[in-house]
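What follows is a walk through one protein model, from a single pair of side chains to the whole fold and its interior. Please keep the sequence and the coordinates open while reading.

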Amino acid sequence: MVSSPDLDKRLREAAARIHRANHLRRVREATTEQIQRAHRTLADLELELSLEEDDVTRLEGGLSAVLARLLGNREERLGRERAEAAAARQRVEGHQARLAQLEADARAVEAELAGLATAPNEYAELLAEKERQLISDGDARARELADLAATLDRVTAGVREHAEAHQAGRAARDALGPVLRHLNWAVNASTWDMFGGGVIADLIESNRLDAADQAAWHAQRALDVFSRELADVGVTARPHLPQVDTRWFVDLFFDNIITDVIKHQRIENTRAEVEKTIQWVQEAGAHLRARHTELSAERKRLLARREELLRG
């Protein structure tokens with residue numbers, strides 16, 4: 001018969017493999033949902049890009065181009081449509097990159113799950129062997145030690161999972177910082193523009209919006225990871241950043257106080273949404289820290305009880 005310490009070790013290892021498989025299944029479920037939503041969003045963005053490119057094509061030749069020449073505003077309209085098409089293309093490319101990363105995550109999860117396929121059978125066999133050994137030994141402490149080990153493994157896994165989720169939350173908060181900073185600069189430039197900032201203010205605003213858009217794709221990736229880690233600790237959340245509309249800079253063609261105010265309000269609204277997301281991430285992080293503290297205290301108590309039993 002296998003010695004008790006060796007059997008206990010094998011049981012813990014088998015339980016850890018099962019717990020890991022369960023964790024990966026939750027990650028797979030969350031990732032699958034993210035991929036489905038990403039496909040739907042990408043389809044909408046690709047349709048938008050197609051429509052924008054059609055507008056450019058019509059102005060470059062055909063009846064729309066003829067009418068625009070007659071009206072004397074062809075170059076102005078063509079510049080606007082090309083700018084809107086370029087912004088739509090940028091959004092499609094950014095979302096394609098996000099989708100590719102999500103699909104890569106899903107493949108990695110499937111590969112690891114395949115390696116854990118035999119874990120349930122292994123664990124069941126070891127449990128049966130442990131039961132036979134406990135009956136044979138007749139030690140009154142054996143049953144409590146076995147139960148304690150199972151509880152300790154579960155609590156230890158919870159400590160680790162909450163730590164991982166908290167770390168993912170910090171990464172998301174760090175990624176959101178640049179988005180907010182660029183939007184703050186854009187708001188300042190937009191305010192200046194309303195009071196006569198002119199072309200310089202418009203250019204600063206445009207550059208900051210482009211930078212915010214790029215930072216937002218990175219931040220959304222961090223939020224995707226955070227939401228999966230939250231799912232692993234039983235929290236369902238689907239954080240999604242608002243779209244940073246880089247087409248706003250084409251309003252340079254129609255620069256007046258009305259369009260300046262509209263642009264300013266759009267940027268303010270986007271900034272407010274990003275601030276709400278940051279606040280939510282911070283609140284979720286505080287909850288994770290508190291739960292991690294509780295689980296750590298429980299683990300310490302269980303370890304003390306285990307030592308007490310082993311020392312007799």
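Helix α7 holds both R291 and E294, which sit three residues apart, about one turn of the helix. The model is a predicted one, and in it R291 forms a salt bridge with E294, with 3.0 Å between the closest N and O atoms. R291 is partly exposed, at a relative accessible area of 34%. E294 is partly exposed as well, at 48% relative accessibility.

This pair lies within one helix. The protein as a whole has seven helices and zero strands, so read from the N terminus its elements run α-α-α-α-α-α-α. It has 312 residues, and 39% of them count as buried. The accessible surface comes to about 17,100 Å², and carbon and sulfur atoms account for 53% of that area. Among contacts with a separation of 6 or more, 84% are between residues 24 or more positions apart.

Which residues touch the most other members of the largest nonpolar core? They are L176, V179, L183, F226, L241 and V274, in a core of 29 residues. Three helices, α5 (140-194), α6 (198-232) and α7 (257-311), each supply at least two residues of this core. The most comes from α5, which gives ten residues. In soluble globular proteins, nonpolar side chains tend to be buried together.

L241 is a useful place to look at this core in detail. Apart from neighbours within four places in sequence, L241 is in contact with L176, A216, A219, Q220, L223, V274 and T277. Two of these partners, L176 and V274, are themselves listed among the core residues that touch the most other members. A second core, separate from this one, has nine residues and includes A88, V92, L99 and L102.

One of the contacts of L241 is Q220, a residue of helix α6. Is Q220 buried or exposed? Q220 has a relative accessibility of 4%, and because the limit for buried is under 20%, Q220 counts as buried. Besides L241, Q220 touches R98, P239 and H240, again not counting residues up to four places away in sequence.

The second core can be approached from helix α1 (residues 4-60), where L49 lies. L49 is buried, with a relative accessible area of 12%. Not counting residues up to four places away, L49 touches A85, A88, R89 and V92; of these, A88 and V92 are among the members of the second core. The C-alpha atoms of L49 and R91 are 8.8 Å apart in space, while the two residues are 42 apart in sequence.

R89, one of the residues that L49 touches, also takes part in a salt bridge. Its partner is E53, and the closest N and O atoms are 3.1 Å apart. Because R89 lies in helix α3 and E53 in helix α1, the pair ties together parts that are 36 residues apart in sequence. Both ends count as partly exposed: R89 has a relative accessibility of 33%, and E53 has 31%.

Another part of helix α1 is linked to α4. The side chains of R17 and E122 meet in a salt bridge, at 3.6 Å from N to O. R17 belongs to helix α1 and E122 to helix α4, so this bridge ties together parts that are 105 residues apart in sequence. R17 is partly exposed, with a relative accessible area of 27%, and E122 is partly exposed at 32%.

R17 is also in contact with L116. Where does L116 lie? L116 is in the loop between α3 (74-115) and α4 (119-137). L116 is buried, with a relative accessible area of 9%. Leaving aside neighbours within four places in sequence, its contacts are R17, R20, A21 and L24. L116 and I18 are 98 residues apart in sequence, yet their C-alpha atoms are 7.5 Å apart in space.

The bridges described above belong to a wider set: the structure holds 16 salt bridges. Some charged residues are joined in a network of salt bridges, and E33, R37 and R238 are linked in this way.

Technical notes: Residues are numbered from 1 along each chain as its sequence is written. This is a predicted model: local features need pLDDT of at least 70, side-chain atom pairs count only at pLDDT 80 or more; totals for chains, interfaces and linings use all residues. Side-chain values use heavy atoms; hydrogens and water are left out. Helices (H or I, at least four residues) and strands (E, at least two) are DSSP runs, numbered from the N terminus. Buried means under 20% relative accessible area, exposed over 50%, partly exposed in between (1.4 Å probe, protein chains only). Contact means heavy atoms within 4.5 Å. Accessible areas come from the Shrake-Rupley method with a 1.4 Å probe; for residues, only the protein chains shown count as cover. A nonpolar core is a set of buried Ala, Val, Leu, Ile, Met, Phe, Trp, Tyr and Cys residues joined through side-chain atoms within 4.5 Å. A salt bridge is a side-chain nitrogen of Lys or Arg within 4 Å of a carboxyl oxygen of Asp or Glu.
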